[in-house]
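Please open the structure in your viewer and keep the selection panel at hand. The tour below moves from one selection to the next and says what is to be found at each stop.

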Amino acid sequence: MKTTNGWERTPFHITRNELDVAEKWPAEWRLLRLWNFAREPKAFELRPPLDAHVTLIANSFEARFR
């Protein structure tokens, strides 16, 4: 579940692990998108492949020592 107080198209964060699981088990995986949470909560469901519904933008990197 991904929740925001914004509107239904407010960007949200998704982890690399969540994307990996969605790719590995697309028939079983669902993302419940809960929005307008503080006022009048509403929800919808996204099913893989996620890139059919959203644009995925990498915005952080893991830094490992050499």
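Begin with the largest pocket of this predicted model, in which about 820 Å³ of space lies. Of the 21 residues that line this pocket, select Phe12, Ile14, Thr55, Leu56 and Ile57, which are the closest to its centre. Colouring the lining by class will give ten nonpolar, seven polar and four charged residues. If you then display the secondary structure, you can check that α1, residues 16-24, and β3, residues 42-46, each supply at least two residues of the lining.

Next, show the strands on their own. How many strands form the open sheet, and in what order? There are three, arranged as β1-β2-β3, and their pairing is mixed. The strands β1 and β3 stand at the edges, each with a single partner strand, so one side of each is left without a neighbour in the sheet. As background, strands of a sheet pair through backbone hydrogen bonds, in either the parallel or the antiparallel sense. Here β1 and β2 pair in the parallel sense over two bridges, whereas β2 and β3 run antiparallel and are joined by five bridges.

Stay with β2, residues 31-35, and turn on a surface for the rest of the model. Four of the five residues of this strand are buried, so β2 is largely enclosed by the rest of the structure. To follow its pairing with β3, select Leu31, whose bridge partner in that strand is Leu46, and then Arg33, which stands opposite Phe44 of β3.

Arg33 also leads to the other neighbouring strand, since it is the bridge partner in β2 of Lys2. Select Lys2, which is found in strand β1, residues 2-3. Is the residue buried or exposed? Lys2 has a relative accessible area of 15% and counts as buried because this value is under the 20% cut-off. Its side chain reaches the backbone oxygen of His13 at 3.0 Å, a distance that can be displayed directly between the two residues. Expanding the selection to contacts, and leaving out residues up to four places away in sequence, Lys2 touches Phe12, His13, Ile14, Glu18, Leu31, Leu32, Arg33 and Leu34. Two of these names, Phe12 and Ile14, were already selected as residues closest to the centre of the largest pocket.

Now follow the chain from β2 into the turn. The strands β2 and β3 form a hairpin with six residues between them, and Asn36 is found in this loop. What is to be noted about the backbone of Asn36? Its phi is positive, at about 60°, although the residue is not a glycine. Asn36 counts as buried, at 12% relative accessibility. Leaving aside neighbours within four places in sequence, Asn36 is in contact with Thr4, Asn5, Gly6 and Pro41.

For the last stops, move to the segment after β3, where Arg47 lies. Arg47 has a relative accessible area of 43% and is partly exposed, whereas Asn36 is buried. A polar contact of 2.9 Å joins the side chains of Arg47 and Glu45. Residues up to four places away in sequence not being counted, Arg47 touches Arg30 and His53. Add Trp7 to the selection, and a distance label between the C-alpha atoms of Arg47 and Trp7 should read 19 Å, for two residues that are 40 residues apart along the chain.

Finally, select Pro48 and Pro49 and inspect the peptide bond between them. Which geometry does this bond have? The bond that joins Pro48 and Pro49 is cis, with omega at about 0°. Pro49, like Arg47, is found in the segment after β3.

Note on methods
Residues numbered from 1 in each chain as written. Predicted model: local features only at pLDDT ≥ 70, side-chain atom pairs only at ≥ 80, totals over all residues. Heavy atoms only, no water. 1 Å grid on protein atoms, 1.4 Å probe; cavity = no way out; pocket = protein on both sides within 12 Å on 5 of 7 lines; lining within 4 Å. Points joined across faces, edges and corners; volume = space filled by probe spheres on them. Nonpolar A, V, L, I, M, F, W, Y, C, P; charged D, E, K, R; others polar. Buried < 20%, exposed > 50% of the residue type's maximum accessible area, 1.4 Å probe, protein only. Polar contact = N/O pair within 3.5 Å; in protein donor to acceptor, adjacent residues only side chain to side chain. Contact = heavy atoms within 4.5 Å. Pairing = 2+ DSSP bridges.
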